[in-house]
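Trainee: Could you take me through this structure one feature at a time, giving the general idea before the case itself?
Mentor: Gladly; let us look at it together.

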Amino acid sequence: MAKGLQLLEKLCQAFGPTSCEYEVADLICEELQGKYDEHTVDFIGDHVFRIKGKTDRKLMLSAHMDEVGLMISAIDEHGYIYFQPVGGFDVKVLCGRKLFVGDYGKEKISGLIASKAIHQQSWEERGKATPINKMYIDIGAKSKEDAEKYVSVGDYAVFDSDFIRFGDGMIKGKAIDDRIGCAVLCDIINYIHENKITPDFDLYFCFTVREEVGRSGAVVTANRIKPDMALVLEATAVGDIAGTPAHKRVADTGKGPTVSFMDHGTAYRSEMIDFAMKLGRDNDIPCQLKRYVSGGNDAGHIHKSSGGVKTVAVSCPTRYIHSASCVFNEADYDSMYRLARQIALCPVSETPVK
Amino acid sequence: MADLFDLASRLTCGCSVSGFEHGQEEALEYIRDKYFDEMRREPAGSYVFVRHAKKPGYPRIMFDAHMDEVGMMVTQILDDGFLRITSIGGLDTRILPAADVTIYGKETLYGVIVSTPPHLQSGDAMSLPKVDDLMIDTGLSKEKAEELIPVGTPVSYRFKLTRLQNNCICGKGFDDKICAVAGIAAIEQLINDGYGGELILLLSTKEEISRAVVAAVYELQPDYAIVSDVCCAWVPECDKDAKRKTTVGDGPEISLSAITDVRFTKRFIEFAKKNGYRHTVCVEATSTGTNANDIPLVGLGVPTLLVSVPLKNMHTYSEVVSLDDVADTAALVAGFIKELGGEHNG
Amino acid sequence: MINDLKTIMTTLGASSREDAIGDKLSEMIRPYVDEVCKDPLGNVIAVKRGKANDPQKVMFCAHMDEIGFVVTFIQDDGLVRVSSVGYIDYIAASNHRVRFENGAVGVLVPEGKTEAKDLRQEKFYVDLGVKSRREAERKVKIGETGAIESTLVKLGGKRYSGRPFDDRIGCYILVEAAKLLKKPENDIYFVFSVQEEVGCRGSRTASFTVRPDIGIAVDVTPSGDVVNPGTNLCVKLGGGAAIKVKDNSVMCDQALVRFITDLAEEKKIAHQTEVLTYGGTDASSMQTVAGGSRAGGISIPIRFCHSPNEMIDMGDVEACIKLVAAVAEAKRI
């Protein structure tokens, strides 16, 4: 497995729901040790690694560290643990899932999301998804006191899901959104470091927090850096499953990263879209337009920060995003990395912000 | 005491979707070699293990647990290597979107059940897809999928056997293989205690579909049958006054039912009480929903009782049982078999 | 050959009234087997003895009953009320002619003002074209059975439309396969079973009598190659003999499924795999009766099953005949 994917596996396995991204940040700091000019951590936990460029034009490269998760809200007398979602879930992917429950610096214990068995449902309940407030986490505790030995209100839970290859070059794992962006950023820094490159842009590699709840750490970071241009690296939900009409597929796995023209947070500038697509074409990197207006990402905050920032979003097409089993094509990782690297190392004169 | 976790992991790891239980051969041979004189497969697919009588005069006692489990089967290969499936047994469709599965084709393959992205879902976000509308993503090309995955290939949940607190474990297929574990543990105890009678372990098949158990029992005609299956444990959101209040950790649940054998069952309950075995009793007057429904009337009739291990999240890949309950079930059954043997032995 | 099929198709025999069709099938198969007998429920059991010292008992079972109606009430005005025998799709049956055991013919019609969604048994009556109860009683009796009139029409290519292909086509296949048998190794039982449509009852008693080692149901299976199929079916009309893996009543013996599939490959007989998401067949009773047997099925793809115009492909039928004969001639299964 390529080095970038090895790092991605480690990052995906880390416990990092929103506002608890510390484990992910620790892994990234360890990976990047000694490969940057400046490292800052802001008060909410955004990590920014700067590599100085030949010019003072600033390029912000951003990926978020947090993943969708659950927060423990109550423990009942029988030791069952109730929760609230942290991030957007399709309720249908929760029931039955194995979890790790805990907090940063605390031992994680196994649990699972459960509700009544099908045999115990009324006829009205059958055929319907169980609402989140009727589900609970079971850790095998006997009572409230017993459960409290392991779990406190305010602790988190994330999916327990392995990172595996299957099919023709596909990979499944949790938290692909957006550890894949984090891994690509690290890969670019490694490349710059190994090849002793001085980029044209002054590069700010931003590993942000809290994207999944919308009130993103990228706001703080963008306001602080005031970049001239921004590249957001993301994972995007796609519907390239059998039977889906072409106009609803969004994008196809295996055909390279997507470049967005519009989502629910951003209407991207056409010169930014053309810039990214042209770089892909000129360098034989597969890439595709995201052919559907849906979702949103940190670009929504970044492009509106300060006096406005020319922003482009490059995303890995990912099936079943926000579930325990996100699926992407490993070739897309490579294409995404190469396209992002081309953008990062592009001379300022050849970009829309020249 | 047998290593219950080890037995559970041996029995639940292979393919045993109803009708495809032969994926378990290795585990079954292990059990045969360790505890029995003989193992054979009945025409309808059930496995019969026999430990011959070492002394005369004992009744022939059969312990039944079914070894099949719910699962899926491939019905069509679609474009881009997606598979259409149908259910084998009653699947809980709430847990299917984005679930991991193992496809037992010409090779053992990983797959994930499709979770339709929100923009493609029509109507009510809370309505669940039907199994026949779901697909499995194999990540393969159509050509490759067709080559490796014939129509009719069984599919089961992919899972990891996990320990929870208080000796609870979480996994799939505990319905009903955890009861097979209890039966084996009971037989190990009887062997260690020098019990001399014939012991029959019936691991019946196709329970989730067609009750193939009756064919095996017809041939065996035991004097007594002890059926063990799992029962739904009480969990939050269930009506507290529901007939079943047993929860995981309460010990085995004994079913009183007009269609099993009330006198035989009451004797079992008396025995449990007298000797201080942890247990609960429930009434299922006219149906137990298990093999114990069918066995009493096979052939010349078989006195049958049902003892259940409480289980949470039945028919999912996250079933939860307590190994303490399993151990208690084994101890109770072993003790009772000794008493039955003693009666015949005079 | 088509004449034989016509005879088999046009002989009325709703569930529990199979004597007439049973007699005809007995006569047809008698020259090709060693013994034919009829059991108490009316199952016709034909056996061809094998030459092996230790023959296996291989039972092929096709049911000879058909879905139909039973007269429940005769009104003063001579109109006749009926109840279903087996599963009737009333939308499909509506406004078709019904023929009764003693030859009377009437039209099955819904009461006026009945909307399509309300087409249920209790809305229907049979109009015999008579004016009074007395006249009607000369034609039919309460308790008498009938069925939608049988037809057999050739369509394009090798396809035929008509009824009741379910499962007279299976009976036809058994007769034709028996003709192909030379001297099999095993004891081959051809069973024409009764009362399948009301719960696989005949095959239970027949299996108890025969005690087969191997039980194979030869019955129809719905094909999925229609416009917007309601469910997820993999069988195609014209795709060859369908080898059953499961339906809602049985999980077939895996080794047997493999054996039949390999045999079809070896003999180059067109075949396909059947995974049926609903329904049941006689395979379930063969599997579980008495000590049980290794059970499977060889199925004939059919469209519009249980309608007045079912459709089959004779290419599939020929493949089934060859496959049944090949399994019957096999040395050890």
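Trainee: Which residue follows α6(B), and what is its phi?
Mentor: Helices and strands here are DSSP runs, a helix being H or I over at least four residues and a strand E over at least two, numbered from the N terminus. After α6(B) comes B:G276, whose phi is positive, near 70°. This is a predicted model, in which local features need pLDDT of at least 70 and side-chain atom pairs count only at pLDDT 80 or more, while totals for chains, interfaces and linings use all residues. Residues are numbered from 1 along each chain as its sequence is written, and chains are lettered from A and ligands numbered from 1 in the order in which they are written.

Trainee: Which residues of α6(B) are buried, and which are exposed?
Mentor: An α-helix has 3.6 residues a turn, so residues three or four places apart point the same way. A residue is called buried if 20 or more other C-beta atoms, placed from the backbone, lie within 10 Å of its own, exposed if 12 or fewer do, and partly exposed in between. In α6(B), the buried residues are B:T265, B:F268 and B:A272. Seen down the helix axis, the buried residues of α6(B) fall within an arc of 55° (taken from the directions from the axis to the C-beta atoms), so they line one face. On the other side of α6(B), B:V262, B:R263, B:E270, B:K273 and B:K274 are exposed.

Trainee: How are the eight strands of the sheet in chain A ordered?
Mentor: Strands of a sheet pair through backbone hydrogen bonds, either parallel or antiparallel. Two strands count as paired if DSSP finds at least two bridges between them. In chain A the order is β1-β2-β12-β3-β13-β16-β14-β15, an open sheet with mixed pairing. Strands β1 (38-41) and β15 (288-289) of chain A stand at the edges with a single partner strand each, so one side of each has no neighbour in the sheet. Within this sheet, β3 (residues 58-64) and β13 (residues 229-237) of chain A run parallel and are joined by four bridges, and A:S62 stands opposite A:V232 in β13(A).

Trainee: How many residues does each chain bring to the contact between chain B and chain A?
Mentor: Two residues are in contact if their C-beta atoms, placed from the backbone, lie within 7 Å. Chain B brings 52 residues and chain A brings 53 residues. On the side of chain B that touches chain A, β7(B) gives the most, with three residues.
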